[in-house]
Amino acid sequence: MEASFGPTFSTVAAGAKGSTHRRTPSSSSTLTYSPRDDDDMPPIGTPRRSDSAISIRSLHSESNMSLRSTFSLHEEEEDTEPQVFAEQPSVKLCCQLCCNVFKDPVITTCGHTFCRRCALSSDKCPVDTAKLTVVVNNIAVAEQIGELFIHCKYGCRATPASAAAGGGAVAAAGAGVAAPGAATVAVPTVTTVAGKPGAYEVDPLGCPFTIKLTSRMEHEVSCDYRPVRCPNNPSCPPLLTKHLEAHLKECEHIKCPHSKYGCTFIGNQDTYETHLEVCKFEGLKEFLQQTDDRFHEMQLTLSQKDQDIAFLRSMLGKLSEKLDQLEKNLELKFDVLDENQSKLSEDLMEFRRDASMLNDELSHINARLNMGILGSYDPQQIFKCKGTFVGHQGPVWCLCVYSTGDLLFSGSSDKTIKVWDTCTTYKCQKTLEGHDGIVLALCIQGNRLYSGSADCTIIVWDIQTLQKVNTIRAHDNPVCTLVSSHNMLFSGSLKAIKVWDIVGTELKLKKELTGLNHWVRALVASQNHLYSGSYQTIKIWDIRSLDCVHVLQTSGGSVYSIAVTNHHIVCGTYENLIHVWDIDTKEQVRTLTGHVGTVYALAVISTPDQTKVFSASYDRSLRVWSMDNMICTQTLLRHQGSVTALAVSRGRLFSGAVDSTVKVWTC
């Protein structure tokens, strides 16, 4: 099958290809074109036309640039310069995607050559359907295209058909200016402009030269047929470069060279010479020239100063950046220094606190020895840490013991409640999840566990199945404490205590106790009374009538913890103090000191022989107090954070702390 590339081709007979410029003869010979090397190229389905010309897209207008830039098209622009080839290019120099002469030819991964834009805008190769990816520029093909001869653009004009249809591009600049002595010869040729076939043809009145594509710009800049404007008056008709000199001799719009200084003369060459003899500015031209030179020098100096100022500003900006960086580094070092200093201060304070506690302990021991009460230091009565429950991911805030099943419940900032076996496995049996806030309070009534949280709810859990059975929106603020008695549940929050009747798994609000001045963080039920602690106040309520029957005033800030023994009411306060009242007379009998932090929790272990009260504090310690003589008999130091919760069961003491652990103490 014969390969074909467009219609029959007629062109002007060309001269020797070795020259850069060649003059086109006034007569032309017709050459019928058939593609060269037909067997080497696959057929390209371009329909034949009946006319005698074929249009091929332009390569690039700036032919005096390097080969790379000469044949590279901008992504955003398309060449609109007229290009009329002197002879038909080889089909090998035509892109099989756009069927025109290559523009910026590139080799793709399939090994074929295409225009760069065609390769980037097409997905598959038309030959083997492979995916197109540009690999490298085809410099050899670009050089061959650069050797093709084209007509000077000032020797081209728009075809009548193109002009009648509205063109598509502006006609060549020199097409409308007649060149004296030029013969009118119709020369059909190969043309293209902006990718529109047949837009241009050779103008017999224009430039007669054909030039290599690479030398196009060099020729057209100096072409005698290049259109120019009269330098004296833009209103003069368009001129060709070769006619400019003759026009200037006849031009009636020549201005005086001193017009910029105010001279208004306009005339022809003859009157111009006469005017210079009488022009008042002519005698001052040396002075005016010196003034212009001086002004130009000042402008150059000013420009140089502007550059210097810009350079200094740039340097100032860099110095400012360096200064900012140095300041940041210095601040960072100061922060590290402050952090280290703060850490050292904390360590020193902790050391002093421990030393103070040891001194107090020694003082108590000496006092006991002086009083002759040695039995209190029987090794059988010293509490020791026997183990640690680890598993919470945040501080432990509350503890509760279910003695029937030897289970310990712990509530934490990680919003969970862990169930610990304290008898056999000593492991976590289950983790109860359901709260959306910190678990602050735990309480057991029968086989139900009640938990209060910072999410303002109380959740009811079945201890046998360890499943959640009910959730109650209890308060508008966090539930800080819970206690049960007489089949009722008491919950403490901000300035309020709510009393709930326990009906199966339901809680029915019975009454709200008011008249409280601050957060209720401590509630204890003993016999027929409820004890509540708030700011510097302990209120005693009759559980049956739910009336306040007594108020104990105290000092040391908010009451954080309360414990009731057979003979005493004990409370721990924000300001490190433990106050003791006689339960019958309601008279304060002692204030216990020794802690150096808020007393968060109190617990009681009573035996027929003696009663011990345990206190837990922000200072990371637990203290054991003998209620017989109100003396601290032991200080327990094992936790690495504030001790926040206590619980007792079968002679054992459990302590929860901010270090996320629960420790077990036995005597």
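Here are a few friendly notes on the cores, salt bridges and surface of this predicted model.

1. Let's start inside. The largest nonpolar core has 21 residues, and the members that touch the most others are C95, F102, F114, C115 and I145. Strand 4 (113-115), helix 2 (116-121) and helix 3 (139-146) are the elements that give two or more residues to this core. As background, in soluble globular proteins nonpolar side chains tend to be buried together.

2. There is another core to look at, lying apart from the largest one. This one is made of 16 residues, including C400, V439, W461 and L466.

3. Now to the charged pairs: how many salt bridges does a search of the whole structure find? The search gives 13. The next points take up some of them in turn.

4. The pair D203 and R157 deserves a look on your screen. Their closest N and O atoms are 3.8 Å apart, and the two residues form a salt bridge. D203 sits in the loop between strand 10 (200-202) and strand 11 (209-212), while R157 belongs to strand 7 (residues 156-158), so the salt bridge ties together parts that are 46 residues apart in sequence.

5. Is D203 buried or exposed? With a relative accessibility of 2%, D203 counts as buried, because buried means under 20%. Its partner R157 has a relative accessible area of 30% and is therefore partly exposed. The pair also belongs to a wider arrangement: a network of salt bridges links R157, E201 and D203.

6. E282 and K285 make another salt bridge through their side chains, with an N to O distance of 2.9 Å. E282 is partly exposed, at a relative accessible area of 21%. K285 is partly exposed too, and its value is 41%.

7. D542 and R544 are also joined by a salt bridge, in which the closest N and O atoms lie 3.8 Å apart. The partners fall into separate exposure classes: D542 is buried, with a relative accessible area of 14%, whereas R544 is exposed, at 59%.

8. Finally, the surface. Which residues make the nonpolar surface patch of about 310 Å²? They are F311, L312 and M315. M315 is part of helix 8, which covers residues 285-371. The relative accessible area of M315 is 34%, so this residue is partly exposed. That value also explains why M315 can be counted in a patch, because patch residues need over 30% relative accessible area.

Technical notes. Residues are numbered from 1 along each chain as its sequence is written. This is a predicted model: local features need pLDDT of at least 70, side-chain atom pairs count only at pLDDT 80 or more; totals for chains, interfaces and linings use all residues. Side-chain values use heavy atoms; hydrogens and water are left out. Patches are made of residues with over 30% relative accessible area and no salt bridge: like charges are joined within 9 Å, nonpolar side chains (Val, Leu, Ile, Met, Phe, Trp, Tyr) within 5 Å. Accessible areas come from the Shrake-Rupley method with a 1.4 Å probe; for residues, only the protein chains shown count as cover. A salt bridge is a side-chain nitrogen of Lys or Arg within 4 Å of a carboxyl oxygen of Asp or Glu. Helices (H or I, at least four residues) and strands (E, at least two) are DSSP runs, numbered from the N terminus. Buried means under 20% relative accessible area, exposed over 50%, partly exposed in between (1.4 Å probe, protein chains only). A nonpolar core is a set of buried Ala, Val, Leu, Ile, Met, Phe, Trp, Tyr and Cys residues joined through side-chain atoms within 4.5 Å.
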